[in-house]
Amino acid sequence: MALMLKNKAFGSLLISSIFSMLGTSLFNIVFLIYASSLPHAKMMVSLAEICILLPLIFSAYTGFLADKTKHKVQSMIIFSWIQGILFIMLFVVMNEKNIMSFILIAIVKILSDLMTSYKSGLRSPILQYNLKSEGLQPAFGQLQGLSSIVEIIGQPLGVTLLAMSNQSFSFVLMVNGVLYFLSGISLLLFNSFLTYKPLINTKKFEFNMKESFTQIKGIFDVDNSSNFLILLFSLIFINFIMAGVGPLISLTILKFNPFPTKFGTSVMIFNIILMVGMLSGSFIMDDKLKNWDLSKLLLTSFLMISLFSVLVIHYGYLSLVCLFALAYVSAKASPKLSALILENVPQEYLGKIGGGITTIFTFSIPLGGIVFVFLANLIGIYPTFYIVSILSVVVFFCLVMSNKDKKSVNK
């Protein structure tokens, strides 16, 4: 909170992000509830989950576009308003429960997430210019923590608004659109604080995989984690697995709800536990995990995923404890990675490299969602969760052996 009050640029971006994230949170839960109300609910929920994950594979390109954009603040404002217009336009079709309406809503969802990714690339140079090196990790921790708070507020708010409006999906989307407008207005009001070093970038988009791997390796060498290739594989694989866990939870609740509540409320319970864990991990900065490297954080994450995958099948309430622990540990890893990027990447390449890193690490997310949704429909939800647990254990032991080998080399 002190950083928000002291640094006007960070505070301005934070306020704008709160409105934007609240809109996204509202829409995600409403989109899933809408999908579950359609014929062939299991398939439609699966498709909705994939639509939520799909835009991540374009992070490198949206980051490159952000680098090329000269008027970064103005672009953030304009695209926030475009998002607002798109969601307000959706109220015409949201209460129509048919395939064509679902497709239109999914397209707007994907477009909005692409704009959010683009705005994230526009924001990075402003943060880099206005924050000192030692303030980067706490700043990203606060951003992540407030994101968790907004998720905690947003999803129950979405469910409550649906109940109050007699399941009027269009009403919720009107509220969502207004939130995006407020995000743009807040940027406009604090425009004078959003300073950055102007750069002219006329290069064409080139995403060289070998070059990107070299740049990523340099960033992780600073962190001094375990074997680079094993660590990179682990980061990719954890995204692959986590992408499958989300849709699997939704499908599990749809068929075997572990709580005596409706579908939307049960999804919200899991998401709230996840967000509370993220929130705790983001704001509790002086615990024993503070100085852990990415390798140790990943080891713990894989262990928690394995336990969660087994427990959620038979002990829904107990699985929430593992989900909380997983979220808490993951909250330590993300700010560490974001700070490493901003500390070691030149401003003119922030969007491209940051987006490239996001693309490499999250390229597996749509694939993970598709693979595990396919398996759940093919062999069943329970066997698929067992597969997730076994895969997590295998990668856990790969990381353990990698750490041992690196320690042997360093001796």
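How many helices and strands make up the secondary structure of the protein? The protein has 16 helices and zero strands. Helices (H or I, at least four residues) and strands (E, at least two) are DSSP runs, numbered from the N terminus.

This is a predicted model, in which local features need pLDDT of at least 70, side-chain atom pairs count only at pLDDT 80 or more, and totals for chains, interfaces and linings use all residues. Residues are numbered from 1 along each chain as its sequence is written, and side-chain values use heavy atoms, with hydrogens and water left out.

**Figure 1. Overview of burial, surface and contacts in the protein.** The protein has 411 residues, and 54% of them count as buried. Buried means under 20% relative accessible area, exposed over 50%, and partly exposed in between (1.4 Å probe, protein chains only). About 18400 Å² is exposed, and carbon and sulfur atoms supply 70% of that area. Accessible areas come from the Shrake-Rupley method with a 1.4 Å probe; for residues, only the protein chains shown count as cover. Take the contacts between residues at least 6 apart in sequence: 85% of them join residues at least 24 apart. Contact means heavy atoms within 4.5 Å.

**Figure 2. The largest nonpolar core, with 67 residues.** Phe31, Phe102, Ile241, Phe270 and Phe308 touch the most other members. Domain 1 (1–191) and domain 2 (207–404) both contribute residues, so this core lies between them. The domain bounds come from an automatic or database domain assignment. Another core lies apart from it, with 16 residues, among them Met76, Ile77, Leu131 and Leu187. A nonpolar core is a set of buried Ala, Val, Leu, Ile, Met, Phe, Trp, Tyr and Cys residues joined through side-chain atoms within 4.5 Å. In soluble globular proteins, nonpolar side chains tend to be buried together.

**Figure 3. Phe308 and Val312 with their contacts.** Neighbours within four places in sequence are left aside for Phe308, which then contacts Val245, Ile249, Phe270, Ser319, Cys322 and Leu323. Val312 lies in helix H12 (residues 294–314). Val312 counts as buried because its relative accessibility is 6%. Not counting residues up to four places away in sequence, Val312 touches Phe270, Ser319 and Phe385. Val312 and Leu323 are eleven residues apart in sequence; their C-alpha atoms are 9.5 Å apart.

**Figure 4. Tyr317 in helix H13 (residues 316–344).** Is Tyr317 buried or exposed? Tyr317 is exposed, with a relative accessible area of 55%. Leaving aside neighbours within four places in sequence, Tyr317 contacts Pro258, Phe259 and Pro260. Tyr317 and Pro258 are 59 residues apart along the chain, with 7.7 Å between their C-alpha atoms.

**Figure 5. The salt bridge of Asp113 and Lys109.** The structure holds one salt bridge. A salt bridge is a side-chain nitrogen of Lys or Arg within 4 Å of a carboxyl oxygen of Asp or Glu. Here the closest N and O atoms of Asp113 and Lys109 are 3.1 Å apart. The two residues are four apart in helix H6 (residues 99–130), so about one helical turn separates Asp113 from Lys109. Both Asp113 and Lys109 are buried. Side chains of opposite charge can pair when their charged atoms come close.

**Figure 6. Tyr118, also placed in helix H6.** Tyr118 counts as buried because its relative accessibility is 10%. Residues up to four places away in sequence are not counted among its contacts; Tyr118 touches Thr62, Leu65, Ala66, Thr69, Ser75 and Phe79. The C-alpha atoms of Tyr118 and Ser75 are separated by 9.4 Å, with the two residues 43 apart along the chain.

**Figure 7. Leu86 in helix H5 (residues 72–89).** Leu86 is buried, at a relative accessible area of 19%. Not counting residues up to four places away in sequence, Leu86 touches Val108 and Met115. Leu86 and Tyr180 are 94 residues apart along the chain; 9.9 Å separates their C-alpha atoms.

**Figure 8. His40 in the loop between helix H2 (8–36) and helix H3 (41–53).** His40 is not a glycine, yet its phi is positive, about 60 degrees. His40 counts as exposed, at 62% relative accessibility.

**Figure 9. Cys51 and Cys398.** Cys51 counts as buried, at 12% relative accessibility. Cys398 is partly exposed, with a relative accessible area of 36%. A search of the whole structure finds zero disulfides. A disulfide is a pair of cysteine sulfur atoms within 2.5 Å.
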